[in-house]
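Reader: I would like a close look at a single part of this chain, set against the rest of the fold. Please keep it plain.

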Amino acid sequence: MSMEPTTLMIGGVEVRFPCKPYPSQISMMNAVLRAITRKENALVESPTGSGKSLALLCSCLAWQHGEAERLRQEHEALKKEAEEAILLGMAGAAAVAASDAKLAVTAAAAAA
């Protein structure tokens, strides 16, 4: 096993692995990520010494990191959308006030 850190894209999730993973670890990470994404359970088994714990931890932490980033981006988009709606509401209120003021001036001029 090479000790070079490796980054893999598994099921749309970027998984950072501290070394070159065995094929069985890649398969396990794929099964774990697929189960997490689908909100299902997964039964994974592998012989002693095959790196199950490392594969499980790396895949779960990668999903958690990706999910946190997705939620942060979603929150920022909703926040921006709300701010734009508030600004549009203020602009609309200002336009109504200006229109009311114009009508008041017109009415006052007509009454004079």
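**The loop between the helices**

Author: K39 lies in the loop that links α1 (23–38) and α2. This is a predicted model, and the description below is of that model. The phi angle of K39 is near 60°, a positive value in a residue that is not glycine. K39 also counts as exposed, because its relative accessible area is 78% and the cut-off for exposed is over 50%.

As for the setting of this loop, the protein chain has two helices and two strands. Read from the N terminus, these elements follow the order β-β-α-α. The loop with K39 therefore sits between the helices α1 and α2.

On the far side of the loop comes helix α2, which covers residues 52–111 and includes E76. E76 has a relative accessible area of 38%, so it is classed as partly exposed. Together with E81, E83 and E84, E76 forms a negative surface patch. Patch members need over 30% relative accessible area, and E76, at 38%, therefore passes that cut-off.

The chain as a whole gives the background for both residues. It has 112 residues, of which 18% count as buried. Its exposed surface comes to about 8400 Å², with 62% of that supplied by carbon and sulfur atoms. Among the contacts with a separation of 6 or more, 42% are between residues 24 or more positions apart.

Terms used
Residues numbered from 1 in each chain as written. Predicted model: local features only at pLDDT ≥ 70, side-chain atom pairs only at ≥ 80, totals over all residues. Heavy atoms only, no water. Helix = DSSP H or I, 4+ residues; strand = E, 2+ residues; numbered from the N terminus. Buried < 20%, exposed > 50% of the residue type's maximum accessible area, 1.4 Å probe, protein only. Contact = heavy atoms within 4.5 Å. Areas by Shrake-Rupley, 256 points an atom, 1.4 Å probe, with all protein chains shown as cover. Patch = residues over 30% accessible without salt bridge, like charges linked within 9 Å, V, L, I, M, F, W, Y side chains within 5 Å. Salt bridge = Lys/Arg side-chain N within 4 Å of Asp/Glu carboxyl O. Lys, Arg positive; Asp, Glu negative; His and termini not counted. Charge placed at Lys NZ, Arg CZ, Asp CG, Glu CD.
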